[in-house]
Amino acid sequence: MKELGLRQNHQQWLFRRQLSLASLTKLLLDPIVSIATLAGVVLLNGESFGREYQLLSLIIFSLTFPGSWPEPTFRAFFSDISLPWFSVAGMLLLFGYAGGYEDTFPVEVIVQWVLSVPIMLFIAHRFASRLLPRLIVLEGGERTAVVVGAGKLGRQLAEAFDSDRYSGIKFVGYFDDRIQSDRLVVSKGSVLGTLEIIPEYVKNNNIDMVYIALPVSSQPRIVKMLNELRDTTASIYFVPDFFVSDLIQARIDHIRGIPVLAICETPLYGINRVGKRLFDLVFSSLMLLLLAPLMAVIALGVKLSSPGPILFKQRRYGQDGEEIMVYKFRSMSVCEDSHEEIRQATKGDMRVTRLGAFLRKSSLDELPQFINVLQGQMSVVGPRPHAVAHNELYRKLINGYMLRHKVKPGITGWAQVNGLRGETETVEKMRARIQYDLDYLRQWTLLFDLVIILKTFLVVLRNRNAY
């Protein structure tokens, strides 16, 4: 069936493990501290960090990666930090003796290093335990989650959320059709309702993640619920592995050893989120500095050419469907911004001013949106933002329309450089644009963003479909 299985042409980007900053810290803390301590001891003893120490560092990394994550208590210092480390050190000494390398390193350096590492690991874990909550905030803050299925698996997942205080996930409750059944393995008070009300609850309560822990035999209910959840911006996960088509940034993850499959997730999470934001800040700042004289001339031209404000501000949907105010140089004699029907600009539109026609063809009217990028409301590259009225119309007509809002809207996008720029006078044209937007979410990388930016300059030079 269409809803089951994986599309062959999606294989190249499915199931990529995207590490968050917190996860990366957990993995790399022990090896980095062990190697940094070695470097510090070597330098304090007046030694040079030569090839022999560099080779030893590679061996240490292989033995300590991925790092453990004990609670930074004094009891854990002996059982969870010192004991494992001395086991690693003993293994290194054994290998050194067996290979005849025991005389390569000064004894005092090795002894000081072996004794110092547990202390440094304890200090690092104490510091990291305070740093990780801030990293979680940097990645997007605490995210709320509900579990569909109040069975044994659902309960284990919820317990995993509660036991990992650095996960950044706040568990809200369960949904299950067996509210009155004795087969529930959780308290009835923790069940928020039946599966029927999930989409409405998710929209009204700003739920970020939905974890589906239902048996495969519930497939018809699951498919129905998935279709309804496509009108939200919530990330959706299956537990354990249940496959559907049209996956977006699908990846396999683990919650305390419990496998989960993300079938609809934002590509901008953790390191990816930080990397794209840094790129946006640097690129938009440079563009605003370079284009400041041009923007001043355009602003003066708009003011002198027709009555009205210089900037046109319109409410649009941003990331997660939140309303933002998008800036453009005014190119029309009217400034429409309504939740009701808004008429798109068409060829020969009488509302477009003479200067406005040039600005729209050259896309110079979009330049103030670099300010939106600096404000964090938009990105340089992403799905183009539509007026609120258009969003409310098309989300009812096009299945999966709202999924494009899982990332920030962009000044340019994958759909625009593929000829879908400007007026979308038919639903089919808008549907094609949405498919490109969703394809962007599936393929996203910073390199892909750069390709789109380069293509944008070529499209603007050709002046296609902009009026």
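In this predicted model, isoleucine 252 sits across from leucine 261 of strand S7. That pairing belongs to a run of 5 bridges that join strand S6 (residues 251-255) to S7, with the two strands antiparallel. S6 and S7 make a hairpin, and just 2 residues lie between them. Arginine 256, in the turn, takes a positive phi of about 55°. S7 also pairs with strand S5 (residues 235-238), again antiparallel, through 3 bridges. Here isoleucine 236 has cysteine 264 of S7 as its bridge partner. As for how covered the strand is, 6 of the 7 residues of S7 (residues 258-264) are buried, so S7 is largely enclosed by the rest of the structure.

Past the end of S7 comes a salt bridge worth a look. Glutamate 265, in the loop between S7 and H8, pairs with arginine 143 of strand S1 (residues 143-148). The closest N and O atoms of arginine 143 and glutamate 265 are 3.5 Å apart, and the pair links distant parts of the chain, with 122 residues of separation. Both partners are tucked away: arginine 143 counts as buried because its relative accessible area, 14%, is under 20%, and glutamate 265 is buried too, at 0%.

In total, the structure holds 14 salt bridges. Another one that reaches across the chain joins glutamate 366 to lysine 328, with 3.8 Å between the closest N and O atoms. Glutamate 366 is in the loop between helix H9 (354-362) and H10, while lysine 328 is in strand S9 (residues 323-329), and the two are 38 residues apart. Glutamate 366 and lysine 328 are both buried. A more local case is lysine 224 with glutamate 228, whose side chains meet at 2.9 Å, N to O. Lysine 224 and glutamate 228 are 4 residues apart in helix H7 (residues 219-229), so about one helical turn separates them. Glutamate 228 is partly exposed, at 31% relative accessibility. Beyond these pairs, Lys203, Asp231, Glu392 and Arg395 are linked in a network of salt bridges.

Turning to the aromatic side chains, a search of the whole structure picks up 14 aromatic pairs. One of them brings together tryptophan 85 and tryptophan 113 in an edge-to-face arrangement, with the centres 5.2 Å apart and the planes at 80°. Tryptophan 85 belongs to helix H3 (residues 74-99) and tryptophan 113 to helix H4 (residues 107-138), so the contact ties together parts that are 28 residues apart in sequence. Tryptophan 85 is buried, at 2% relative accessibility, and tryptophan 113 is likewise buried, with a relative accessible area of 2%. Phenylalanine 279 and phenylalanine 283 show the stacked geometry instead: 5.7 Å centre to centre, with 20° between the planes. Both phenylalanines come from helix H8, where they are 4 residues apart, so about one helical turn lies between them. There is also an aromatic cluster, made up of Phe161, Phe171, Tyr174, Tyr211 and Tyr237. Elsewhere, tyrosine 401 has a charge over its ring: the charged end of arginine 404 sits there, 5.7 Å from the ring centre.

Helix H8 comes up again at the surface. Leu278, Leu281, Val282, Leu286, Leu290 and Leu374 make a nonpolar surface patch of about 550 Å². The largest share of that patch, 5 residues, comes from H8 (residues 271-305). Leucine 374 lies in helix H10 (residues 369-375) and is partly exposed, with a relative accessible area of 34%. H8 has a covered side chain as well: isoleucine 298 lies in this helix and counts as buried, at 7% relative accessibility. Between isoleucine 298 and arginine 330 the C-alpha to C-alpha distance is 10.0 Å, and the two residues are 32 apart in sequence.

Technical notes
Residues numbered from 1 in each chain as written. Predicted model: local features only at pLDDT ≥ 70, side-chain atom pairs only at ≥ 80, totals over all residues. Heavy atoms only, no water. Patch = residues over 30% accessible without salt bridge, like charges linked within 9 Å, V, L, I, M, F, W, Y side chains within 5 Å. Areas by Shrake-Rupley, 256 points an atom, 1.4 Å probe, with all protein chains shown as cover. Salt bridge = Lys/Arg side-chain N within 4 Å of Asp/Glu carboxyl O. Buried < 20%, exposed > 50% of the residue type's maximum accessible area, 1.4 Å probe, protein only. Pairing = 2+ DSSP bridges. Phe/Tyr/Trp six-rings, centres within 6.5 Å; stacked < 30°, edge-to-face > 60°. Lys NZ or Arg CZ within 6 Å of the ring centre and 35° of its normal.
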